[in-house]
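Me: I've got a two-chain model here and I'd like to go through it with you, question by question. Here it is.

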Amino acid sequence: MAEQNRTELEMPPVATVPGRFDAYGGRYVPETLMAALQELEAAYADAQRDPAFASELSYLLHHYAGRPTPLYYASRLTDSMGGAKIYLKREDLLHTGAHKINNCLGQGLLARRMGKRRIIAETGAGQHGVATATVCALLGMECIVYMGQEDMRRQELNVYRMRLLGAEVRSVTAGSATLKDAINEAMRDWVVNVRTTYYLLGSVLGAHPYPTMVRDFQRVISVEARQQILEAEGRLPNAVLACVGGGSNAIGAFYEFIPDKNVRLIGVEAGGRGHELGEHAARFQGGVPGVLQGTYSYVLQDDAGQISNTHSVSAGLDYASVGPEHAALHDSGRAEYVSASDEAALQATVRLARTEGILPALESAHAVAEAIRIAPAMSRNDILLINVSGRGDKDMGILARELKLQGA
Amino acid sequence: MAIQFHHQPGLVVYLTIGDPDIETSRKIALAAIDAGADVLELGVPFSDPLADGPVIQRASERAVRNGTRMEDVLALAGSLRKQRPSIGLVIFSYLNPILRMGLESFAAAAEKSGVDAVLVTDLIAEESEEYCAALKKHHLQPIFLAAPTSPDSRLERIAELSEGFIYAISRVGITGTQQQVAGDARELVTRLRRYTKLPIALGFGISNASHVAVVAEYADAAVVGSAIVALIEQSGADQAPAAVGKFIAELRAPVASESSVS
């Protein structure tokens, strides 16, 4: 089993249409960054051809991060709803607590290969920042993480974790002081220090090659999950569900199922607290195609082309655009995108915690919420596979406040 | 229309339009022209100006908050064109506000307003085919940025696509003032000359008369942006037009040759 999975973790082939997912993606950056993006693209292509790179990444994913992660049949959650069987892909069990480590190990090794010793990153919920700080500690690199002030406040524990790991966390106060503003600041740092610095982007966003490269590093989720569900059930699931912020865990969970036309792919965005612009982060409901931070995709914006503020109870989904490959999957109809409200995500967190003893990250809880919504109407022979992208320890402060757990 | 530099070196002045308000921007623009600017870059404010330093970020934020739209910037261009027929007018924008208006609608409206050229900060040569076609159709000149990090192959492409002038970025980084003109700049201009006969305007970090004098040694024009935007911020709406006019007149004044700056 372990040996078999090691083989499965080999690097995927080079993308067929570099940088474009139908109309979406591309490279919309200041000219100063172009040489760096081309250097990165070449270095990544070179790494993909090198068996030693794949083998070291595979070793670390297995022995350091804890892959493969289990696919767990959530029988009590299933029984509590009386519908489809629910399986959980347990990315929450990975080292550092979320799928983000998959990408950080890959890009960290790539940065080392390129001779870059200064790593910068942005973070929303802090999970990518923690994973980046972790990999920088592991590889002995300097690490600077940009984080919106609002996110630093609501994900305080992750700020401490990053600092403990030796990273410098820089507070960003511009705009709504969340993920989008942190990316602006990280990109500015990269423009200034482009000759010495590696930008370790955390999602399937930004200019080519990031959306392709990050997807390749997250693809391991569906490589494992597809094999695991076949072993467990002898058949594929009816649907795969994942939350979508930038969309890295979702694309990782969807990717190997894309050719399986009978498997529905359901991305769950943050419905926030209302339908007005600024009250949610449901890009496929309120957004139109545009360019933000290097890529062409769906963007929440006003009619003058100014980017909207967003809201979600989960910092990791609180972003005005979405990975360009999701935009293509949306337009082609291959994947469906729905949203779950703050309230539904909070209730799903409680339900999963009390039926299964699993506390999901508030981001992942959006996917759980959609499964809870659709499962009861499905047959007991149907199967839903949820990617639990991260664990909820980081959210205890928010949960305590929102669920009024104090003194209970 | 075509961009022309009436001075050596030419002077390109960047303004964030709508900071502090459209009417003041109009007065500042006229003062800048009358003090000797050859070309105005009319900056379209954007919510996420990731290539800009703190000064232009703040100006952009104020102008967005005022509700300044692309249409307002184009209307201002139209009024400047009538009042000062020979000034070079460049729309300076991030891509998204242009896409939201639609490439064709934007280009048609810009032509109608008497705009000469368009520069988009986050649009590189490889992604510019449709954009260049729309501009060409409406007799607008595309201006591209060249950076010290751009290899020769990219400079060649940038030179092929650009019209009017090429904007050479003096240093690796975001917009903002600095003490000296960066050493990167001269080498970049030298490399660019191999591929173009167009005027080369050097920008980023140019903020006083001695900088302009250094630029004059090897480039055709200097772009001054953050220094002026900062002056507007400090002066307030009433004083800003006169302050900008005075500052530009000083940039134009001959300097004692202390051009030992790198």
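Me: Pro68(A) first: which loop of chain A does it lie in?
Reply: The peptide bond from Arg67(A) to Pro68(A) is cis, with omega near -5°. Keep in mind that this is a predicted model, where local features need pLDDT of at least 70, side-chain atom pairs count only at pLDDT 80 or more, and totals for chains, interfaces and linings use all residues. Residues are numbered from 1 along each chain as its sequence is written, chains are lettered from A and ligands numbered from 1 in the order in which they are written, and side-chain values use heavy atoms, leaving out hydrogens and water. As for secondary structure, helices (H or I, at least four residues) and strands (E, at least two) are DSSP runs numbered from the N terminus, and Pro68(A) sits in the loop between α3 (51-65) and β3 (71-73) of chain A.

Me: And what's omega for the peptide bond from His208(A) to Pro209(A)?
Reply: Most peptide bonds are trans. Pro209(A) is in the loop between β8 (197-199) and α10 (210-218) of chain A. The bond leading into it from His208(A) is cis, with omega near 15°.

Me: Gln293(A) has a positive phi; what value is it near?
Reply: Most residues other than glycine have a negative phi. Gln293(A) lies in the loop between β11 (288-292) and β12 (294-299) of chain A. With 5% relative accessibility, Gln293(A) is buried, where buried is under 20% relative accessible area, exposed is over 50% and partly exposed is in between (1.4 Å probe, protein chains only). Its phi is positive, near 50°.

Me: Is Val368(A) buried or exposed?
Reply: Val368(A) belongs to helix α16 (residues 362-374) of chain A. Setting aside residues up to four places away in sequence, Val368(A) touches Ala348(A), Leu352(A) and Ile386(A), a contact being heavy atoms within 4.5 Å. The relative accessible area of Val368(A) is 0%, so the verdict is buried.

Me: Zooming out, what is the radius of gyration of chain A?
Reply: Chain A has 17 helices and 14 strands. The globule rule (2.2 Å times the number of residues to the power 0.38, with the radius taken over C-alpha atoms) gives 22 Å for 408 residues. Chain A comes close to that, so it is as compact as a globular protein of that length, and its value is 19 Å.

Me: How about chain B: what share of its 262 residues is buried?
Reply: Chain B carries 10 helices and 9 strands. Its radius of gyration, 17 Å, is close to the rule's 18 Å, so chain B is as compact as a globular protein of that length. Its C-alpha atoms fill a box of roughly 45 × 45 × 30 Å along the principal axes. The buried share is 62%.

Me: Which are the edge strands of the open sheet in chain B?
Reply: The sheet has 9 strands in the order β5-β4-β3-β2-β1-β9-β8-β7-β6, with parallel pairing. Two strands pair if DSSP finds at least two bridges between them. Each edge strand pairs on one side only, and those are β5 (141-143) and β6 (145-146) of chain B.

Me: How many residues of β3(B) are buried?
Reply: Strand β3(B) runs parallel to β2(B) over 5 bridges and to β4(B) over 4 bridges. In a regular strand the side chains alternate between the two faces of the sheet. Here Gly88(B), Val90(B) and Phe92(B) point one way and Leu89(B), Ile91(B) and Ser93(B) the other, and all are buried. The strand is therefore largely enclosed by the rest of the structure, with a count of 6 of the 6.

Me: Which residue stands opposite Ala168(B) in β8(B)?
Reply: Strands β7(B) and β8(B) pair in the parallel sense over 4 bridges. Both faces of β8(B) are covered, with Ala201(B) and Gly203(B) buried on one side and Ile200(B) and Leu202(B) on the other. The residue opposite Ala168(B) is Leu202(B).

Me: Last one: what's the relative accessible area of Phe204(B)?
Reply: Phe204(B) is found in the loop between β8 and α9 (209-218) of chain B. Its phi is near 85°, positive in a residue other than glycine. Phe204(B) is also buried, at 10%.
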